[in-house]
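The following note sets out points for a colleague who is examining the model shown here. The points concern backbone geometry, cysteines, helix faces and enclosed or open space.

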Amino acid sequence: MSRVTVIGAGNGGVTAAYHFTKLGHDVCIYDDPKFDKQIKAIQEAGGIKALNESHGCNMLCSGFANIQLATTEIKKAMEFADIFVMVCPSFAQEKLFESMIPYLKDGQTILLMPGNYGSLVLSKMLRESDKKDVRINFADAISIPWACRIVTPGVITIMGIKKFLPLSIMANTEDKSLIEKKLAEVLPIPVEVLSNPITAGLENINFGGHPLLTTLNMGLLENFNGNFNYYRDCCSPATSRAAAKMDKERLSVGQALGLSLRTELDAMNALYGTEYETVYAFNRDSTTHGKINNSPNSSSSRYITEDVAYLLVPCYELAKLSGIDVPVVESCIKIASAYNDVDYFKEGRTLEKMGFANVKHDEFVEMLKSF
């Protein structure tokens, strides 16, 4: 069994710490002292509880897991393990990694769930720090394994679990296959290794649904305080057609970069073991996603602040690099920027922030082959 430190104590982080422990691993969970509600609850209870029922629906993997260490002290969290699973919003990755840098050691592995090109950004940060000679392995997952929610502090529900987890690996100390083996031993589902972190970012299944459906339904979401089942109620024939056009734009960017990407429908069916014929049918009928009402209720939702800034903006930048128009992606970014009075084209995850400033298309395509 492995020793693992989970960085971040939101929905995914608390669920990760719970499930890793249930699988027999020694687990530490850390969060910033400013966000200590979950850590305090886990300390007081001695662990994490997963419910077997919520909103009248059966949940998965119920029980209680005794967590070995829950802490807001980054030094203790870093000393606990050499495998770190960072489960946090993309906008927190850099801040959390900055606190980790002083304690990094050669050979450690950091898995970001979801990655959203984070390994590229953190690698750039490391190169520009006083720990630039430390060799760290990075992995970017396209998502987290679970459909999950925190019910109350230290208490979760797991509504569904994916069949496998696609991720990319940037190996800096050992062969990719060895890092894959380490991660496969920790994670509750099989791993599929993608060619590079750009592919992993473009394969995030939140790309099509979250930012576009949230943007198009914002009036209802705000006025009715998100009192909907997001996937079932916010997806309609018309919004599905718009999402399909956005997905074609994403696929065209991948093709221009020489990448083979799954369609949104193929990805969702593969990840959840379903056979839906349309994205509309998946969103309307998926038992995993239809168990609770969990819609966002404002434009400050992570479906905008994370998925627009860290999924759509990189795709737009890659499209510009490739000389491709992506009008639906661009429009969604513009509307989200207007909603929040934020220029996501500048504030989002740009190629410059990934370390690719002034790189030309052909150079970039060649660079992708080196990962």
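1. Pro114 sits in the loop that runs between S9 and H5. The model is a predicted one, and the peptide bond leading from Met113 into Pro114 is cis in it, with omega near -10 degrees. The loop between S9 and H5 also holds Asn116, whose phi is near 50 degrees, a positive value in a residue other than glycine. Most residues other than glycine have a negative phi, and most peptide bonds are trans. Is Asn116 buried or exposed? Its relative accessibility is 2%, so Asn116 counts as buried.

2. A positive phi is also found at Cys61, where the angle is near 55 degrees. Cys61 belongs to the loop between strand S5 (57-58) and strand S6 (63-66). With a relative accessibility of 33%, Cys61 counts as partly exposed.

3. Met86 is a residue of strand S8 and is buried, its relative accessible area being 1%. Which residues does Met86 contact, leaving aside its neighbours within four places in sequence? They are Ile7, Gln93, Leu96, Phe97, Met100, Leu111, Leu112, Met113 and Leu122. Met113, one of these contacts, is also the residue that precedes the cis peptide bond to Pro114. As a gauge of distance across the model, the C-alpha atoms of Met86 and Ala244 are separated by 31 Å, the two residues being 158 apart along the chain.

4. How many disulfides does the model contain? The count is zero. A disulfide is a covalent bond between the sulfur atoms of two cysteines. For Cys28, the closest cysteine sulfur is that of Cys88, and the separation of 15 Å is too far for a bond. Cys315 is likewise in no disulfide, as the nearest cysteine sulfur, in Cys332, is 11 Å away. Cys28 counts as buried at 0% relative accessibility, and Cys315 is buried with a relative accessible area of 0%.

5. Helix H6, residues 176-186, has Ile179, Leu183 and Val186 as its buried residues. Viewed down the axis of H6, these buried residues fall within an arc of 55 degrees, so they line one face of the helix. The cover over them includes strand S1 (3-7), helix H1 (11-22), strand S8 (83-86), strand S9 (109-112), strand S10 (137-141) and S13. S8, among these covering elements, is the strand that holds Met86.

6. In helix H19, residues 361-368, the buried residues are Phe364, Val365 and Leu368. Down the axis of H19 they fall within an arc of 100 degrees, so they too line one face of the helix. The elements covering them include helix H7 (197-202), H11, helix H15 (307-322) and helix H18 (351-354).

7. Rolling a probe the size of a water molecule over the atoms shows where empty space is left. The model has three cavities of 30 Å³ or more, and the largest cavity has a volume of about 70 Å³. Its lining consists of Leu202, Glu203, Asn204, Ile205, Phe207, Gly208, Asp247, Arg250, Arg262, Thr263, Glu264 and Ala267. Helix H8 (206-216), helix H11 (237-256) and helix H12 (264-272) are the elements that give two or more residues to this lining. By class, the lining of the largest cavity comprises four nonpolar, three polar and five charged residues. H11 thus appears both in this lining and in the cover of the buried residues of H19.

8. The second largest pocket has a volume of about 230 Å³. Of the 14 residues that line this pocket, Leu120, Arg127, Met170, Ser370 and Phe371 lie nearest its centre. Two elements, helix H5 (118-127) and strand S13 (165-170), give two or more residues to the lining. Which element gives the most to the lining of this pocket? H5 does, with three residues. The lining residues divide into eight nonpolar, four polar and two charged. S13, which contributes to this pocket, is also among the elements that cover the buried residues of H6.

Technical notes: Residues are numbered from 1 along each chain as its sequence is written. This is a predicted model: local features need pLDDT of at least 70, side-chain atom pairs count only at pLDDT 80 or more; totals for chains, interfaces and linings use all residues. Side-chain values use heavy atoms; hydrogens and water are left out. On a 1 Å grid over the protein atoms alone, a cavity is a set of points where a 1.4 Å probe fits but cannot get out, and a pocket is an open set with protein on both sides within 12 Å along at least five of seven lines; lining residues have an atom within 4 Å of a point. Grid points are joined across faces, edges and corners, and a volume is the space filled by probe spheres set on the points. Helices (H or I, at least four residues) and strands (E, at least two) are DSSP runs, numbered from the N terminus. Ala, Val, Leu, Ile, Met, Phe, Trp, Tyr, Cys and Pro count as nonpolar, Asp, Glu, Lys and Arg as charged, and the others, Gly among them, as polar. Buried means under 20% relative accessible area, exposed over 50%, partly exposed in between (1.4 Å probe, protein chains only). The arc is that of the directions from the helix axis to the C-beta atoms. Contact means heavy atoms within 4.5 Å. A disulfide is a pair of cysteine sulfur atoms within 2.5 Å.
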